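Please open the structure in your viewer and keep the selection tool at hand. The stops below say what to select and what is there.

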Amino acid sequence: MFVGADVKTVVAEHRVQGVLPLTIFTKIIDGKIPADIVYEDEYCLAFRDVNPQAPTHVLLIPRKPVESLDQLTPEDSALMGHLMMTVPEIARQQGVSGEYRTIINTGEKGGQTVFHLHIHILAGRALTWPPG
Ligand code: AMP
């Protein structure tokens, strides 16, 4: 598993190599720009979306800088399991257990605008299907 203790080293190395696209979420992880953080642990953090699409709209992101689902490698399996296990915990904490939607947009045509993997957690209103 990608352990949190390695995150800073990996990020630093990638930056030196110039291969890590810096996103606004990297700045949130680094504490360089403010965010309304609702949950954090060694591997991930969650904060309120700045442009909420529902009364509850939280973004859960790994600290590890992964661009999207397409960039995951087998070593990320435990990390992704941890993220998924954290979703219901955040839902509980937000008071929306059992009544929420999770979305992961991948690529421009998939609706992704920030290229740091994130799980949207939306709740607090009736969510229709299909999505737009
Ligand atoms: P996506 O379109 O799936 O890539 O989602 C990116 C989300 O990040 C959008 O819902 C934005 O509103 C949100 N967002 C962008 N910048 C920030 C920020 N500084 N703080 C919180 N949410 C942000």
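The tour visits a few strands and then a pocket. Keep in mind that this is a predicted model.

**Stop 1: strand 1 and strand 2**

Select residues 37-40, which form strand 1. Now add strand 2, residues 44-48. Three residues make up the hairpin that leads from strand 1 to strand 2. The two strands run antiparallel and are paired over three bridges. To see one position of this pairing, pick Tyr39; Ala46 in strand 2 stands opposite.

**Stop 2: strand 2 and strand 3**

Keep strand 2 and add strand 3, residues 56-62. Strand 2 and strand 3 are also antiparallel, with five bridges between them. Select Leu45 and look across to Ile61 in strand 3, its bridge partner.

Why is strand 2 largely enclosed by the rest of the structure? Four of its five residues are buried, that is, under 20% relative accessible area, so the rest of the structure largely encloses the strand.

**Stop 3: the largest pocket**

Select Asp49, Gln53, His57, Asn105 and His120. Of the 28 residues that line the largest pocket, these lie nearest its centre. The volume of this pocket is about 640 Å³.

Next, colour the elements that give two or more residues to the lining: helix 2 (24-29), strand 2, strand 3, strand 4 (100-103) and strand 5 (119-123). Which element gives the most? Helix 2 does, with three residues.

Last, colour the lining by class: 12 residues are nonpolar, 12 are polar and four are charged.

Conventions. Residues numbered from 1 in each chain as written. Predicted model: local features only at pLDDT ≥ 70, side-chain atom pairs only at ≥ 80, totals over all residues. Heavy atoms only, no water. 1 Å grid on protein atoms, 1.4 Å probe; cavity = no way out; pocket = protein on both sides within 12 Å on 5 of 7 lines; lining within 4 Å. Points joined across faces, edges and corners; volume = space filled by probe spheres on them. Nonpolar A, V, L, I, M, F, W, Y, C, P; charged D, E, K, R; others polar. Buried < 20%, exposed > 50% of the residue type's maximum accessible area, 1.4 Å probe, protein only. Pairing = 2+ DSSP bridges.
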